[in-house]
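Here is a short briefing to read with the model open beside you. It goes topic by topic, so feel free to click along as you read.

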Amino acid sequence: MKVVHLKKENDPTVDTGQHIKLLEAIIKAHPGNEKAHDRLMILYRKQGNYKQELKTLNRAIKTFEELFTKKQPAVNNKIKALSMAIAKSTGLSDKKGNSIFQKGELAKWKRRREVVIKKIK
């Protein structure tokens, strides 16, 4: 099945500036909204505004790293030790117990950040 888009990118009824403002407001109210961050990056990319895209990428990466690295309080030490042992044995954490797995869009955003940095230079 093909998806048909009614509005073209060059359509004057589509105001990118309004979309950017709306997405910024959504991100300010809900910093954990992956789709809003992703869409904002895409809009900046389509405009060729790589500096703003890089700022948005850095902000999103920082926000989601903070969200995902928050330590949850352990119910007790035995459960915490077992959880860490399982994570280490399955390869999901390093020797210090830090998570290796990158959740959500983080891996994609980090790769994109490298591309944007090259384009800016």
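Where H4 starts, Asn-76 places a side-chain oxygen within 3.2 Å of the backbone nitrogen of Lys-78. Please keep in mind that this is a predicted model. From this helix start, the briefing moves on to the rest of H4, the loop after it, and then the core.

**Helix H4 and what follows**
- The length of H4 is as expected, because 14 residues at 1.5 Å a residue should span 20 Å, and the end C-alpha atoms are 20 Å apart.
- After H4 comes Gly-91, which has a positive phi, near 85°.
- Ser-93 sits in the loop between helix H4 (77-90) and H5.
- Is Ser-93 buried or exposed? Its relative accessibility is 9%, so Ser-93 counts as buried.
- A polar atom of the Ser-93 side chain lies 3.4 Å from the backbone nitrogen of Lys-88.
- Leaving out residues up to four places away in sequence, Ser-93 touches Met-84, Ala-87, Lys-88, Asn-98, Ser-99 and Ile-100.

**The chain as a whole**
- The chain has five helices and zero strands, and its elements run α-α-α-α-α from the N terminus on.
- Of the 121 residues in the chain, 21% are buried.
- Among contacts with a separation of 6 or more, 53% are between residues 24 or more positions apart.
- The exposed area of the chain is about 9,600 Å², with carbon and sulfur atoms supplying 57% of it.

**The aromatic pair**
- How many aromatic pairs does a search of the whole structure find? The search turns up one.
- That pair is Phe-64 with Trp-109, arranged edge-to-face, at 5.3 Å centre to centre and with 65° between the planes.
- The two partners come from distant parts of the chain, 45 residues apart: Phe-64 belongs to helix H3 (residues 50-69) and Trp-109 to helix H5 (residues 106-120).
- Phe-64 has a relative accessibility of 3%, so it counts as buried.
- Trp-109 is buried too, because its relative accessible area is 1%.

**The nonpolar cores**
- As background, nonpolar side chains tend to be buried together in soluble globular proteins.
- The largest nonpolar core here has nine residues in all: Met-41, Leu-54, Leu-57, Ala-60, Ile-61, Phe-64, Leu-106, Trp-109 and Val-116.
- H3 and H5 each contribute at least two residues to this core, and H3 gives the largest share, with five residues.
- Another core lies apart from it and has seven residues, including Leu-23, Ile-27, Leu-40 and Leu-43.
- Within the largest core, Ala-60 touches His-37, Met-41 and Trp-109, not counting residues up to four places away in sequence.

**Asp-38, a polar neighbour of Trp-109**
- Asp-38 is found in helix H2 (residues 34-47).
- With a relative accessible area of 17%, Asp-38 falls under the 20% cut-off, so this acidic residue counts as buried.
- Which residues does Asp-38 contact, leaving aside neighbours within four places in sequence? They are Glu-105, Lys-108 and Trp-109.
- The Asp-38 and Trp-109 side chains make a polar contact at 3.3 Å.
- Asp-38 and Thr-56 are 18 residues apart along the chain, and their C-alpha atoms are separated by 8.9 Å.
- Trp-109 therefore brings several topics together, being buried at 1% relative accessible area, paired with Phe-64, and in polar contact with Asp-38.

Technical notes. Residues numbered from 1 in each chain as written. Predicted model: local features only at pLDDT ≥ 70, side-chain atom pairs only at ≥ 80, totals over all residues. Heavy atoms only, no water. Phe/Tyr/Trp six-rings, centres within 6.5 Å; stacked < 30°, edge-to-face > 60°. Helix = DSSP H or I, 4+ residues; strand = E, 2+ residues; numbered from the N terminus. Buried < 20%, exposed > 50% of the residue type's maximum accessible area, 1.4 Å probe, protein only. Contact = heavy atoms within 4.5 Å. Areas by Shrake-Rupley, 256 points an atom, 1.4 Å probe, with all protein chains shown as cover. Polar contact = N/O pair within 3.5 Å; in protein donor to acceptor, adjacent residues only side chain to side chain. Expected span 1.5 Å × (residues − 1). Core = buried A, V, L, I, M, F, W, Y, C linked by side-chain atoms within 4.5 Å.
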